[in-house]
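Visitor: I spend my days at the bench and would love a close look at one part of this fold. Could you take me through the salt bridges and their surroundings?

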Amino acid sequence: GIGFNNWTVSGDTRFDRVYENSLQPKKIELIESFEANKKVLIAGSTWPEDEALLNKLSLSLNDDWKFILAPHEVDKSHVDSIMSGLGNQAIRFSELKNNPENTSAKMVVIDNIGMLSSLYQYGTISYIGGGFSKSGIHNTLEPAAFSLPVIFGPNYKKFMEAGELIKQGGGFSIASFDELNSVFSMLVQNPENLEKSSLASGNYVKQNINATSIIFNELDQ
């Protein structure tokens, strides 16, 4: 529009990175044992506002579901505050390592860093934190690459992929516990809804890969 003709639309290389990770994720045997072939809600990069909603939701999950919570801050005081509201239904990942036979816990709280991108392989539905903070939501592409429906808070407008996920049916923005519970119930109670949303989420990532090869092809020329 301003007269340049030496340009190429390449896309965003982040899609390539998350897609490649989804093809060869790191296996986590402790999580596989904990999961025990149940459905899993995975909440990643959560903040206190998210955790308040998610803790309430976790209490309503039946025995068909497990819950993995990976907070944005994993210092001891913050993890302690999360655990204090969960009672004996939850276990820290560090404790799970010392007691790998404990499959009775309903929730595992991840109290270290570096695992989240691989955890999504075990999920059925995802929740991404940060949407109730000023900075906004965290990475929605990582769970989408594993074809998980993605739920997040209301502050997502700066993130194009979140809006696109909503348009395609793979993402859902919520602003209260009632809305979170409504979206979760809609997905869980109707298998067709869950399948459609999962496909939409995964397809959105697949439709936007190959930016890296486009860039290198242009450089070669």
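Guide: Happily! In this predicted model, glutamate 161 is a good place to start: its relative accessible area is 7%, so it is buried. Its partner in a salt bridge is arginine 14, and the closest N and O atoms of the two are 3.1 Å apart. Since arginine 14 belongs to helix α1 and glutamate 161 to helix α8 (residues 160-168), the pair ties together parts that are 147 residues apart in sequence. Arginine 14 itself has a relative accessible area of 31%, so it counts as partly exposed. Side chains of opposite charge can pair when their charged atoms come close, and here the count comes to seven salt bridges.

Now let's move to helix α4, where aspartate 80 takes part in two of these pairings. One is with lysine 76, at 2.8 Å from N to O. Aspartate 80 and lysine 76 both sit in α4, four residues apart, so about one helical turn separates them. Lysine 76 counts as exposed because its relative accessibility is 61%, whereas aspartate 80, at 27%, is partly exposed. The other pairing joins aspartate 80 to arginine 92, at 2.1 Å from N to O. This one links distant parts of the chain, as aspartate 80 is in helix α4 and arginine 92 in strand β3, twelve residues apart. With a relative accessible area of 18%, arginine 92 falls under the 20% cut-off and is therefore buried. Follow the pairings along and you find a network of salt bridges linking Lys76, Asp80, Arg92 and Glu95.

What else does α4 do with its surface? Its buried residues are His78, Val79, Ile82 and Met83. They lie on the same side of α4, because they cover an arc of only 135 degrees around the axis. The spacing has a simple background: an α-helix has 3.6 residues a turn, so residues three or four places apart point the same way. Those buried residues pack against α3 (48-60), β2 (65-71), β3 (90-92) and β4 (107-109). So β3, a packing partner of the buried residues of α4, is also the strand that holds arginine 92, the salt-bridge partner of aspartate 80. Turn to the face of α4 directed away from its buried side, and you meet the exposed residues Lys76, Ser77 and Ser84. Lysine 76 thus stands on that exposed face while its side chain meets aspartate 80.

Key
Residues are numbered from 1 along each chain as its sequence is written. This is a predicted model: local features need pLDDT of at least 70, side-chain atom pairs count only at pLDDT 80 or more; totals for chains, interfaces and linings use all residues. Side-chain values use heavy atoms; hydrogens and water are left out. Buried means under 20% relative accessible area, exposed over 50%, partly exposed in between (1.4 Å probe, protein chains only). Helices (H or I, at least four residues) and strands (E, at least two) are DSSP runs, numbered from the N terminus. The arc is that of the directions from the helix axis to the C-beta atoms. Contact means heavy atoms within 4.5 Å. A salt bridge is a side-chain nitrogen of Lys or Arg within 4 Å of a carboxyl oxygen of Asp or Glu.
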